[in-house]
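This report looks at charged side-chain pairs and at a helix that takes part in them. The structure under discussion is shown below.

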Amino acid sequence: MFQFEKKKISSNISRFRIIVEKTENYDIAGVLYNDFYGIAIDFQGIRQMLSRLDDFFDYVRFPQATHEKRSFREEPAGKPKHPPRGLREVTPEEMQDKPAAFLLHVQFRQNSTWQGTLEWLSEKQTKRFRSELELIGLIADTLKK
């Protein structure tokens, strides 16, 4: 059991610092870090980052999805949710030497996609996104510079 499961869940659960450890061919790898709850999620590529975050949001049930995931496999109703792969508890000391490139805040999960804000910390710019595809485009745009 993670420590955050003993706390009340607030909107801070969907606010992650994106620490980019590697960039290659407009793709990133690194760590998603939530300093409010002291958790981190490792990822290798944007696709895995989005997948693990979506699994995390399903696990904590925030932000609540407006649509159920569809699949070719039959999933039993009431199946218990498991934490996403790569989720771990961290201390602030572990993360202090790793500067974040972005601050991601997913506010809604409507119409089978995400809406929220992405702040590019080094440039002090914040942009709203209306879909995961738009989020990917914003991240890719910063990698060009």
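A residue is called buried when its relative accessible area is under 20%, exposed when it is over 50%, and partly exposed in between. The coordinates discussed here are those of a predicted model, and the burial classes that follow are computed from them. Because the cut-off for burial is under 20%, Asp-54, with a relative accessibility of 17%, counts as buried, and Arg-109, at 6%, counts as buried as well.

**Salt bridges**

Across the whole structure, a search finds six salt bridges. Side chains of opposite charge can pair when their charged atoms come close. Three of the pairs are listed here with the distance between their N and O atoms.

| Acidic residue | Basic residue | N to O distance |
|---|---|---|
| Asp-54 | Arg-109 | 2.8 Å |
| Asp-58 | Arg-109 | 3.0 Å |
| Glu-134 | Arg-130 | 3.1 Å |

Asp-54 forms a salt bridge with Arg-109, their closest N and O atoms lying 2.8 Å apart. This pair links distant parts of the chain, since Asp-54 belongs to helix α1 (residues 46-60) and Arg-109 to strand β5 (residues 102-110), with their positions 55 residues apart in numbering. The side chain of Asp-58 also meets that of Arg-109 in a salt bridge, at 3.0 Å from N to O. Here too distant parts of the chain are linked, Asp-58 being in helix α1 and Arg-109 in strand β5, 51 residues apart. Both Asp-58 and Arg-109 are buried, and Asp-54, Asp-58 and Arg-109 are linked in a network of salt bridges.

The pair formed by Glu-134 and Arg-130 has its closest N and O atoms 3.1 Å apart. Glu-134 is partly exposed, because its relative accessible area of 26% falls between the two cut-offs, whereas Arg-130, with a relative accessible area of 62%, is exposed.

**Helix α1**

How many residues does α1 have, and how far does α1 reach from its first C-alpha to its last? The helix has 15 residues and reaches 21 Å between those atoms, which is close to the 21 Å expected at 1.5 Å a residue. Of these 15 residues, 11 are buried, and therefore α1 is largely enclosed by the rest of the structure. The buried residues of α1 include both partners of Arg-109, namely Asp-54 and Asp-58, and among the others are Ile-46, Met-49, Leu-50, Arg-52, Leu-53, Phe-56, Phe-57, Tyr-59 and Val-60. After α1 comes Arg-61, which has a positive phi, near 60°.

Terms used
Residues are numbered from 1 along each chain as its sequence is written. This is a predicted model: local features need pLDDT of at least 70, side-chain atom pairs count only at pLDDT 80 or more; totals for chains, interfaces and linings use all residues. Side-chain values use heavy atoms; hydrogens and water are left out. A salt bridge is a side-chain nitrogen of Lys or Arg within 4 Å of a carboxyl oxygen of Asp or Glu. Helices (H or I, at least four residues) and strands (E, at least two) are DSSP runs, numbered from the N terminus. Buried means under 20% relative accessible area, exposed over 50%, partly exposed in between (1.4 Å probe, protein chains only). The expected span of a helix is 1.5 Å times one less than its number of residues.
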